[in-house]
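Colleague: Could you take me closely through one part of this predicted model, the place where two helices pack against each other, and then set it beside whatever else in the chain deserves a careful look?

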Amino acid sequence: MANNQDKFKQVIAHAKEYGYIFSSSEIYDGLSAVYDYGQNGAELKKNIKEYWWRSMVQLHEEIVGLDAAILMHPKTWKASGHVDAFNDPLIDNKDSKKRYRADVLIEDYCEKLEQKAQKEITKAKKRFGDDFDETQFVATHPRVVKYRAQQKEILQRMAKSLEAENLVDVKNLIEELEIACPESGSRNWTEVKQFNLMFGTKLGASADSASDLYLRPETAQGIFVNFANVLKTGRMKIPFGIAQIGKAFRNEIVARQFIFRQREFEQMEMQYFVRPGDELKWFEYWKEQRQKWHRSLGLGEENYRFHDHEKLAHYANAATDIEFNFPFGFKELEGIHSRTDFDLKAHEKMSGKKLQFFDPELNKNYVPFVIETSIGLDRMFLAVFATALQDEELADGSSRTVLKIPSILAPVKAAVFPLLKRDGLPEIAHEIVDQLKWDFNVAYDEKDAVGRRYRRQDAAGTPFCITVDHETKEDGCVTIRHRDSMEQKRVKIEELNSIIAKEVSFKNWMG
């Protein structure tokens, strides 16, 4: 694949062609930054959710699940600070009439500096081979040191200005760095303004009596307002967690990069309640746990990096992002935050209800501190899909496009083919489908030559292809082919369930 831009275009085209992602309301020319998940996309999305939920709730006795409503009492958002402070700094280009997030323009500039540094490191790796000492090189190479120092200085200044709401300096920074509009190359910018991201809606039968509501901009508050309910009914002991998967809505003015930044998206979040004073220990614990979860899927260690926040949210005393190497560079995939007791205290104050835990060991009541892990489901989908999509040159000189989705997440686990559409072979293939479908999502495919069917299933991400031929009638065996290795072997029909089960077992991947 020529470059990142081409790769990204290929990801978007492939996602549509193979039934993963469509533009929303496409027959009416679509809706900007809103997408629908097709027949394969819906399955992959469901499987990612399941993988997260099982590892978070099923493997942790002290964590329970919740499914809170999207609509919440408006006081929720006043207490959480979203009404007053949920803003993005926006800037318009006067020539292209395009609107951008000022912080993203600056971050993209810094990412280019990082790419320059990485280029130097890659060149040196090739030059020195096994003798290469990366730590020493990064610390002493003048260009790498310069790029990294520039990057740090720019991000620190931006963080300081945003925290102080000094939007004039944010604009000054854009001008000093000579950042141009990506669309037109123009540097003719407006002032930077704050824009609230919440979608408003109405509740009530008539316009006169309707009350103003918001579509939730995050799922975390649904957990906090249910803290006392879960504590009491689940008889929870500190530390304990509440997990949730759900939709959230943000009126992103600058939504771009396909499903990376959307107006309607899904989050997988867990809030972990701990004793005050223990929060940084648990913060480190969840950083390690979440790394382990990501590593288990085998998307490549080199595609992940940690980014500690320069600018902490008003409620946090520690925060880090797990960033992933998307086709457009490293961007946030998951956030891990130590949220202190900000949320529970704010809701306690606003509601007048006690949101505390009685700790029998300490013999006292307190408001717990919270560690949050929050991952964007759509971003995780994009990370899996973009990494899985590969063009391979084969030994015989031909090439194939293959979607190497981790088999536990693959939408269809196996496709069953009759070699020919006659001689009783389709009937045996249908019997195999009927045998497997109780345990796995399987497909039947009889169109085209077998080689073309293999290529089609490779491109759709199906881990196994099972072919029924004339010998099957004699020996009860079929040919099973693995997508990644393309290896084929003859096995008994009755062994198929256990072969596939072993490959897609949760314990095998997560254990």
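Modeller: In this predicted model, helices α2 and α13 are roughly perpendicular to each other, because their axes cross at roughly 110° and angles of 65 to 115 degrees are counted in that class. Helix α2 spans residues 39-58 and helix α13 residues 377-388, and their axes come within 10 Å. As for handedness, α2 passes α13 in a right-handed crossing. The contact is made on the α2 side by G41, L44, K45, I48 and K49, which meet L377, D378, M380, F381 and V384 of α13. Sorted by class, this contact holds 6 nonpolar, 1 polar and 3 charged residues.

Helices also pack on a sheet elsewhere in the chain. That sheet is open and is formed by 5 strands in the order β20-β19-β21-β22-β23, with mixed pairing. Its edges are β20 (442-444) and β23 (488-492), each of which pairs on one side only, and neighbouring strands are turned against each other by 25° on average, when direction is ignored. Strands of a sheet pair through backbone hydrogen bonds, either parallel or antiparallel. Within this sheet, β21 (residues 464-468) and β22 (residues 477-482) run antiparallel and are joined by 4 bridges, and T467 stands opposite T479 in β22. Helix α14, residues 425-436, packs on the sheet and touches β19 (414-418), β20, β21 and β22, its direction making about 160° with that of β19. Helix α17, residues 496-503, lies across β19, β21, β22 and β23 and runs at about 170° to β21.

Some details of the backbone complete the picture. In the loop between α10 (227-233) and β9 (240-249) lies P239, which is joined to I238 by a cis peptide bond with an omega of about -5°. The loop between α10 and β9 also holds R235, a residue other than glycine whose phi is nevertheless positive, near 45°. R235 has a relative accessible area of 74% and is therefore exposed, since the cut-off for that class is over 50%. A positive phi, about 50°, is likewise found at S25, although S25 is not a glycine; S25 sits in the loop between β1 (21-23) and β2 (35-37). With a relative accessible area of 35%, S25 is partly exposed, because this value falls between the limits of 20% and 50%.

Notes. Residues numbered from 1 in each chain as written. Predicted model: local features only at pLDDT ≥ 70, side-chain atom pairs only at ≥ 80, totals over all residues. Heavy atoms only, no water. Helix = DSSP H or I, 4+ residues; strand = E, 2+ residues; numbered from the N terminus. Buried < 20%, exposed > 50% of the residue type's maximum accessible area, 1.4 Å probe, protein only. Pairing = 2+ DSSP bridges. Axes fitted to C-alpha atoms, helices over the stretch in contact; angles between N-to-C directions. Contact = heavy atoms within 4.5 Å. Parallel < 35°, antiparallel > 145°, perpendicular 65-115°, else oblique. Left-handed = near helix turned anticlockwise from the far one by under 90°. Nonpolar A, V, L, I, M, F, W, Y, C, P; charged D, E, K, R; others polar.
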